[in-house]
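Student: Could you take me on a close look at a single part of this model? I would enjoy one connected walk through a helix and what surrounds that part.

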Amino acid sequence: SQMRFPLRYLFDCESRYAGITVSIPEKCLNLFDPHRADYLVPGYLFWKVEFLLRGLPKSVRKELNPMRECVKDFIDLCHKEEIFLERPLTHTLKEYLQEYYNIRIDLSLLEEQELPPYLVMKIALKGENGRVIKILESFPGKHLISSRLSNELPAAKKYTVSGHAAW
């Protein structure tokens, strides 16, 4: 079964917590795909991709006109899963520009743009008591390399052994 995590939206352009926040129990963090937050939710993904493309040099942007059609086509390919999504959005967008527009750009042109807070999904880490421990604006690096399963998965509980240092 697939784990579901609740989303919350804050409409406050002045707040650094503006936009979407996903609530994840700390012990389930490694069950959340670290790149999912990059892709937000469908409506916001359009705005985020458009923002990133508008931040490219004018010589590149001219090749993408009409810009809204370019963004819409990218989003459609994402929804149809015709583009590989298990990586950062900037990598996927760079490859899309190369494959569909024959435009080669340096990845830093996308990665170094400062997104407004409402286009960055926040992660509310919850403790054992269900209260928010902290709110993160990016996925914690230590969980990117972890292969351990959460005991929150019924199948993992079945094979969990405690009190042993080695197999």
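Tutor: Happy to; what follows is a look at one helix, α4, and then at a residue of another helix, α5. Please keep in mind that this is a predicted model.

Let us begin with the length of α4. Helix α4 runs over residues 89-101, and at 1.5 Å a residue these 13 residues should span 18 Å. The C-alpha atoms at the two ends of α4 are 17 Å apart, which agrees with that expectation.

Now to the way α4 sits among its neighbours. Buried in this helix are L89, T90, T92, L93, Y96 and L97. They cover an arc of only 160 degrees around the axis, so they lie on the same side of α4. The partners for these buried residues of α4 come from helices α1 (42-54), α3 (67-79) and α5 (108-111), against which they pack. Just after the helix ends, N102 adopts a positive phi of about 55 degrees.

One of those partners, α5, deserves a stop of its own. Helix α5 contains S108, and this residue counts as partly exposed because its relative accessibility is 25%, with buried meaning under 20%. S108 can also be related back to α4 through H91: the two residues are 17 apart along the chain, and 10.0 Å separates their C-alpha atoms. The side chain of S108, for its part, makes a polar contact of 2.4 Å with the side chain of D106.

Definitions and conventions: Residues are numbered from 1 along each chain as its sequence is written. This is a predicted model: local features need pLDDT of at least 70, side-chain atom pairs count only at pLDDT 80 or more; totals for chains, interfaces and linings use all residues. Side-chain values use heavy atoms; hydrogens and water are left out. Helices (H or I, at least four residues) and strands (E, at least two) are DSSP runs, numbered from the N terminus. The expected span of a helix is 1.5 Å times one less than its number of residues. Buried means under 20% relative accessible area, exposed over 50%, partly exposed in between (1.4 Å probe, protein chains only). The arc is that of the directions from the helix axis to the C-beta atoms. Contact means heavy atoms within 4.5 Å. A polar contact is a pair of N or O atoms within 3.5 Å; within protein, one must be able to donate a hydrogen and the other to accept it, and residues adjacent in sequence count only if both atoms are side-chain atoms.
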